[in-house]
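Please look over the sequence and the model before reading on. The paragraphs below go from one residue outward to the chain as a whole, and then back to individual side chains.

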Amino acid sequence: VQLQASGGGLVQAGGSLRLSCAASGSIFGFNVMGWYGQAPGKLRELVAHITSNGSTTYADSVKGRFTISRDNAKNTVYLQMNSLKPEDTAVYYCNLVWRGLFYWGKGTQVTVSS
């Protein structure tokens, strides 16, 4: 399984970005797809994740601003990021947990200027 993320970039505070991540390969059964963010000098942290049956979890810092969704037919997860803040600046990594294994995509940089 490989994960291909896209959609990062530079945006002003208050702006929006949409991240996408597509998983290649045949994925079936229960799984969890999500996004983690790693700011400079900090540990990688969960931003949001969504199960294959649609249950979502968000970090407190993004609740009400970010929305995670997925298209199971396309094995793709999306992260709609609204009302972005400078503290959202990080490298965002797509993640898949399936059959007890963790898969990571290459990070995509999100930079929010003040």
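**A walk through the predicted model**

Leaving aside its neighbours within four places in sequence, N75 is in contact with C21, A22, A23, G25, I27 and M33. The model in which these contacts are found is a predicted one, and N75 is placed by it in the loop between β7 and β8. With a relative accessible area of 14%, N75 counts as buried, because the cut-off for that class is under 20%. The backbone of N75 also deserves attention, since its phi is positive, at about 50°, although the residue is not a glycine. Most residues other than glycine have a negative phi.

A second residue shares this backbone feature: S83, likewise not a glycine, has a positive phi of about 50°. S83 lies in the loop between β8 and β9, and its relative accessible area of 41% makes S83 partly exposed, whereas N75 is buried.

These loops belong to a chain whose secondary structure consists of eleven strands and zero helices, so that a reading along the sequence gives the pattern β-β-β-β-β-β-β-β-β-β-β. How does the overall extent of the chain compare with that of a compact globule? For 114 residues, such a globule would have a radius of gyration near 13 Å, and the value for the protein chain, 13 Å, agrees with this. Along the principal axes, the C-alpha trace spans about 40 × 25 × 20 Å. Of the 114 residues, 43% are buried, and among the contacts with a separation of 6 or more, 49% are made by residues 24 or more positions apart. The accessible surface of the protein chain comes to about 6,100 Å², and carbon and sulfur atoms account for 50% of that surface.

One buried position can be followed in some detail. C94 is found in strand β9, and with a relative accessible area of 0% C94 is buried. Not counting residues up to four places away in sequence, C94 touches L3, A5, C21, G34, W35, V77, Y103, W104 and G105. C21 therefore appears in two of the contact lists considered here, that of C94 and that of N75. The C-alpha atoms of C94 and K42, which are 52 residues apart along the chain, are separated by 17 Å.

The start of the chain offers another viewpoint. V1 lies in the segment before β1, the strand that covers residues 3-6, and at 39% relative accessibility V1 counts as partly exposed. Apart from residues up to four places away in sequence, V1 touches A23, S24, I27, L96, W98 and Y103. Among these, A23 and I27 are also in contact with N75, and Y103 is also touched by C94. The C-alpha atoms of V1 and N72 are 71 residues apart along the chain and are separated by 15 Å.

The charged side chains complete the picture. The protein chain has 10 positive and 5 negative charges, and the mean positions of the two sets are 8 Å apart. Side chains of opposite charge can pair when their charged atoms come close. How many salt bridges does the chain contain? The count comes to two salt bridges.

In one of them, the side chains of K63 and D60 meet at 3.0 Å, taken from N to O. K63 is exposed, with a relative accessible area of 51%, and D60 also counts as exposed, at 63% relative accessibility. In the other, the side chains of D88 and R65 meet at 2.8 Å, again from N to O. This pair links distant parts of the chain, with D88 in the loop between β8 (76-81) and β9 (90-98) and R65 in the loop between β6 (56-58) and β7 (66-71), 23 residues apart. Are the partners of this second salt bridge buried or exposed? D88 counts as buried at 6% relative accessibility, and R65 counts as buried at 10%. The two salt bridges thus lie in contrasting settings: K63 and D60 are exposed, whereas D88 and R65 are buried.

Key:
Residues are numbered from 1 along each chain as its sequence is written. This is a predicted model: local features need pLDDT of at least 70, side-chain atom pairs count only at pLDDT 80 or more; totals for chains, interfaces and linings use all residues. Side-chain values use heavy atoms; hydrogens and water are left out. Helices (H or I, at least four residues) and strands (E, at least two) are DSSP runs, numbered from the N terminus. The radius of gyration is taken over C-alpha atoms; the globule rule is 2.2 Å times the number of residues to the power 0.38. Buried means under 20% relative accessible area, exposed over 50%, partly exposed in between (1.4 Å probe, protein chains only). Contact means heavy atoms within 4.5 Å. Accessible areas come from the Shrake-Rupley method with a 1.4 Å probe; for residues, only the protein chains shown count as cover. Lys and Arg count as positive and Asp and Glu as negative; His and the chain ends are not counted. The place of a charge is taken as NZ of Lys, CZ of Arg, CG of Asp or CD of Glu. A salt bridge is a side-chain nitrogen of Lys or Arg within 4 Å of a carboxyl oxygen of Asp or Glu.
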